[in-house]
Amino acid sequence: MSVAEEFVCIFREEHRAVRDTILGLVSAFRSKKRAEIQSLLNRLACLTGPHFRYEEEALYPELTAFFTDEYVEKLYSDHDMAIANAKRLIELAGAEEISDDQSRQAIRILQSIMPHVSDCDGLSILIETLPDEKIQKVLDIRQMAREENLGLTGWADGIRNRLLPT
Ligand SMILES: [Fe+2]
Ligand SMILES: [Fe+2]
């Protein structure tokens, strides 16, 4: 398997896991199952922390080979939105009892994160054309991010080099 093929496989699997967790959350919020919501939110934080991190530190900067700066910026701001939305979901999940309105709000938030999952996975078609050394560097930074294993908010509030819009 070439390094590009390896990357595309890994990238797809990671997005599948995020997709399935979001779909699981939609159904858990719909049926207002608090324990399931909590465990899926934890899973989402564990999956997206290292994933967003290596994308921002290693992958997105390479995309200026294909896209305008504005579009690359949009990918970062999708992450800003996803981080803010994940925090909002944690708040909604913290309610003693989830109301119909909170359940609807949560589903809307989850569905507004979803386009980034498919957009991000679509980047594979371009990334696979990068030189092996660049793809390998992305995989190396991914490895480091997985070893440090910061959850989404731990990373975003701790070491992420970007201020969230207020
Ligand atoms: Fe991604
Ligand atoms: Fe992303």
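His-116 is buried, at 8% relative accessible area, where buried means under 20%, exposed over 50% and partly exposed in between, for a 1.4 Å probe and protein chains only. The model is predicted, so that local features need pLDDT of at least 70 and side-chain atom pairs count only at pLDDT 80 or more, while totals for chains, interfaces and linings use all residues. Residues are numbered from 1 along each chain as its sequence is written, chains are lettered from A and ligands numbered from 1 in the order in which they are written, and side-chain values use heavy atoms, with hydrogens and water left out.

**Iron sites**

His-116 (NE2) is one of the donors of the iron ion (ligand 2). Donors are N, O and S atoms within 2.8 Å of the metal (3.2 Å for Na, K and Ca); water is not among the atoms, so sites may look incomplete.

| Ion | Donors | Distances | Angles |
|---|---|---|---|
| iron ion (ligand 1) | His-15 (NE2), His-51 (NE2), Glu-55 (OE), Cys-120 (SG) | 1.9 to 2.3 Å | 77 to 160 degrees |
| iron ion (ligand 2) | Glu-55 (OE), Tyr-60 (OH), His-79 (NE2), His-116 (NE2) | 2.0 to 2.2 Å | 86 to 178 degrees |

The angles make the arrangement irregular around the iron ion (ligand 1) and likewise around the iron ion (ligand 2). Four donors count as tetrahedral if all angles lie between 85 and 135 degrees; four count as square planar and six as octahedral if opposite donors are over 155 degrees apart and all others between 65 and 115, and anything else is irregular.

Along the chain, the donors of the iron ion (ligand 2) follow the spacing E-x4-Y-x18-H-x36-H. Glu-55 in helix α2 and His-116 in helix α4 (residues 100–122) link parts of the chain 61 residues apart; helices are DSSP runs of H or I with at least four residues, numbered from the N terminus. Glu-55 coordinates both iron ions, which are 3.3 Å apart, and is buried at 0% relative accessibility.

For the iron ion (ligand 1), the donor spacing is H-x35-H-x3-E-x64-C. His-15 lies in helix α1 (residues 3–30) and His-51 in helix α2 (residues 34–59), so this pair ties together parts that are 36 residues apart in sequence. His-15 is buried, at 5% relative accessibility, and His-51 is buried with a relative accessible area of 5%.

Note on methods: Helices (H or I, at least four residues) and strands (E, at least two) are DSSP runs, numbered from the N terminus.
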